[in-house]
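I opened this entry to record what I looked up in the model, starting with the sheets and ending with the ligand.

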Amino acid sequence: MAAAALLAIAPCVAPAQSKAPQLNSKNVDKVLKAMTLEEKARLLVGGTEVIVNGKLEKVPYAYNDAVGQSHGIERLGIAETYWTDGPAGVRIRPTRQGDSRTFYATGFPVATLLASSWDTDLVERVGRAMGEEVKDYGCDIFLSPALCIHRNPLCGRNFEYYSEDPLIAGAMATAMTKGVQSNGVGVSIKHFAANNCETFRTENTSNVSQRALREIYLRGFERVVKDANPWTIMSSYNKINGVYTQEDYNLLTGILRNEWGFKGMVETDWTGTRNTVAQVHAGNDLMMPGNYEQQKQIVDAVNSGKLSIKDVDRNVRRILELVAKTPSGKGYKAPQVTDLKAHAQVSRKAAEEGMILLKNNGNALPLASGLKVALYGRTSYYLYANGWGSGDVNKVHTISLFQGLSEGGYKVSPELSSIYNSSDSYFKVTPENARLRAEDCDVAIVTFGRNAGEGGDRHVTKGDWYLTDYESQSLKNIVDAFHAKGKKVIVVLNTGGVIETASWSAQPDAILLAWQPGQEGGYAIADILSGKANPSGKLTSTFPVKYEDVPSQNFPSNYNNEPFKADWKNYGYVDYDEGIYVGYRHYLTKGVKVAYPFGYGLSYTTFAFSGVKAQPKGNVINVTVTVKNTGSKAGKEVAEVYVAAPKGKLDKPLRELKGFAKTRLLNPGESQTLVIPVRMDDLASFDEANMQWLTDAGEYTAEVGSDANTILGTAKFNIKKAIVKKAPTKL
Ligand code: GLC
């Protein structure tokens, strides 16, 4: 568009009047009344383009180093606000032109690891630290947490998300939101909604049933909206059932505001110009990153009657309410420095709590101190702290496992560290090399690393889902040599998502799933391997035996990077044929064997569950269980509360997670009684024929377990009368 045409709306020349009202939380309507249409349009669109000396200029992202900002309007005291990523920590550039200081942020563990702690108090503590950094670096809105469901293990951004289960996703995102917002900055829960693949993400339509939408893909967002009052929500790139979420009135107003009572503001994911009028009407308040073309479209549409000023005013009011409560809106001057030392400790502790011990034959772990270690695998020396894209963090360092072990008193084989620190860090371990190391080392540790990120999905290929041939061969050579000497082999998985394990997991003595553990990851892994920390993490997504067992076979990346074919099934659209049967809901109900089940994780000690009771009380059922440490080491356990519902007119999964709690650190012999509330509303299934939540009358069974397959205590409770709650809005 010619700059001249654009300039037509640029200078917001307002009618001469006495000093205009200056925005604060109490005079929003007054300011709204004083705004011109051009000023309103300016506020509805992100501020990445400004007019400088009559010329249209792009604002570099260096603007306070955020990834986006909302426009300020000086005349009315409306401040610019600054928006920064992302789920593993604040994403700003570490250096600024002409400034000798550095601006590193803390690299926290990825969301999947945080969720694997099953500890909402811990996640809230991480959120508090993250929110402190958002505010210290002069930002206002944190583009996090991300809680899309792990519908398929190959989604490239699963590391940024929590789980295959909506209760976990909602509970963790709620804790994160409370933590971040306790600093007086806002979150942006994302990506709303059903954004479960990266392939062709801006054009893809997720074809989902109303029931699967309500029970699986919207449920977590609903929980956060109702429990934590997020300041903003980010509407996703994709469509649902053929309609862009960013233009979907039924989603952004019908469900989000009218049914759930959301009071905050909605901004788009970082799209270019789409149907701006439809976005405004739908209740998508702010177009990010924003451009002048969109502003002009709004002004023209109101003037031509295509867009109601009522819609514009409704959205502008929500943005004014948001701006008024931000640090920038309150004129806060950020220190531009933060407590990286304290936050590094929060990151390390969180990493320890979310790592999962998958196997520990013959108590191979924990390792005795001072051992000589044959440390194999590239990511033993170059740890993946997090995935790539907007979920990455510019952190001051990433501690490798090599460093963590070395500083933890272990002697790492110099022959190996020199090989891996050389260029040949993908070298194949020959039988000869393995034999030599089995001679001069006490134990072998092999790390397999996998990375993925925004804009692409993973593939069912060697080096991604499967081990590569050299990884498999190396593992075999190492295991043969060390076992021949009666020595142990430990595998560490440094991955952002689920990989194939069944074909090789019988070989090593122990397997630790470290996920992508953030900048202190090497210390955290060493703390667990040495027994300084007792692993207490549990899976929040299933490890299937083989990819073909995954219920969501409709997934775009199954084409293994073949060149695009016009007749590709699931390209540009994905049919969620599996409905609500995602993850353990599928495997359990269909009786499919898995490698490691949802909720699974070992400890260096053992626990017993007893005294399970279920007592209805108002709109919850309190499930009580006593957990006892029956082993020889202090440790923490998670009590997972599943519910098996009575048969009704709707088919239902065998059991579904409806509550959970983690014990404090229990010493050997110590017990703790947990009271875990199960919400009555969470027992409902969605009856899409009648667009209503339906809780059948009948006998329910609360099943308390240490994973989805291992139920250790049950208690029955009755619901005398069926409960129906209308939810009329269809997508
Ligand atoms: C990206 C991502 C979103 C991120 C935004 C800003 O495309 O989808 O998660 O917050 O743009 O970087």
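**Entry 1: strand 28 and its sheet**

I first looked up a single pair: Gly-698 stands opposite Ile-719 in strand 29. The model is predicted, so I note its limits here: local features need pLDDT of at least 70, side-chain atom pairs count only at pLDDT 80 or more, and totals for chains, interfaces and linings use all residues. Residues are numbered from 1 along each chain as its sequence is written, and side-chain values use heavy atoms, with hydrogens and water left out.

Strands here are DSSP runs of E with at least two residues, helices are runs of H or I with at least four residues, and both are numbered from the N terminus. I count two strands as paired if DSSP finds at least two bridges between them.

Strand 28 covers residues 698–707, and eight of its 10 residues are buried. By buried I mean under 20% relative accessible area; exposed is over 50% and partly exposed lies in between, with a 1.4 Å probe and protein chains only.

I then followed the partners of strand 28. Strand 29 (residues 710–719) runs antiparallel to strand 28, with nine bridges between them. A hairpin of two residues makes the connection from strand 28 to strand 29. Along this pair, Glu-703 has Thr-714 in strand 29 as its bridge partner. Strand 23 (residues 638–644) is also antiparallel to strand 28, here over five bridges. In that pair, Ala-644 is opposite Thr-701 of strand 28.

What is the order of the strands in this open sheet? I read 24-23-28-29, four strands with antiparallel pairing. Strand 24 (656–662) and strand 29 are at the edges with a single partner strand each, so one side of each has no neighbour in the sheet. From one strand to the next the twist averages 25°. Axes are lines fitted to C-alpha atoms (for helices over the stretch in contact), and angles between N-to-C directions run from 0 to 180 degrees.

**Entry 2: a three-strand sheet**

I looked up another open sheet, of three strands in the order 26-27-30, and its pairing is antiparallel. Strand 26 (685–687) and strand 30 (723–726) are its edge strands, each pairing on one side only. With direction ignored, neighbouring strands of this sheet are turned by 30° against each other on average. Strand 27 (residues 692–695) meets strand 30 over four bridges. Among the pairs, Gln-692 has Lys-726 in strand 30 as its bridge partner.

**Entry 3: strand 4**

Strand 4 (residues 81–84) is covered on both faces. Thr-81 and Trp-83 are buried on one side, and Tyr-82 and Thr-84 are buried on the other. I keep the general rule beside this: in a regular strand, side chains alternate between the two faces of the sheet.

I found strand 4 paired in both senses. It is antiparallel to strand 3 (residues 68–70), over three bridges, and parallel to strand 5 (residues 141–142), over two bridges. Trp-83 has Gly-68 opposite it in the first pairing and Ile-141 of strand 5 opposite it in the other.

**Entry 4: helix 7 and Ile-356**

Helix 7 (residues 210–217) has eight of its eight residues buried, so it is largely enclosed by the rest of the structure. I noted that the buried residues include Arg-211, Arg-214 and Glu-215.

Ile-356 lies in strand 12 (residues 356–360). Its relative accessible area is 0%, hence buried. From Ile-356 to Val-446 I noted 90 residues in sequence and 16 Å in space, C-alpha to C-alpha.

**Entry 5: the ligand**

Which residues come nearest to the ligand? They are Asp-85, His-191, Tyr-237, Asp-269 and Glu-454, out of 13 residues around it. A residue counts as near if one of its heavy atoms lies within 4 Å. The shell divides into five nonpolar, two polar and six charged residues. Here Ala, Val, Leu, Ile, Met, Phe, Trp, Tyr, Cys and Pro are nonpolar, Asp, Glu, Lys and Arg are charged, and the others, Gly among them, are polar.

I listed three distances from a ligand oxygen to a side-chain N or O atom: 2.5 Å for Tyr-237, 2.6 Å for Asp-85 and 3.5 Å for Arg-201. Taken alone the ligand exposes 310 Å², of which the protein buries 94%. Those areas come from the Shrake-Rupley method with a 1.4 Å probe.

Technical notes. A polar contact is a pair of N or O atoms within 3.5 Å; within protein, one must be able to donate a hydrogen and the other to accept it, and residues adjacent in sequence count only if both atoms are side-chain atoms.
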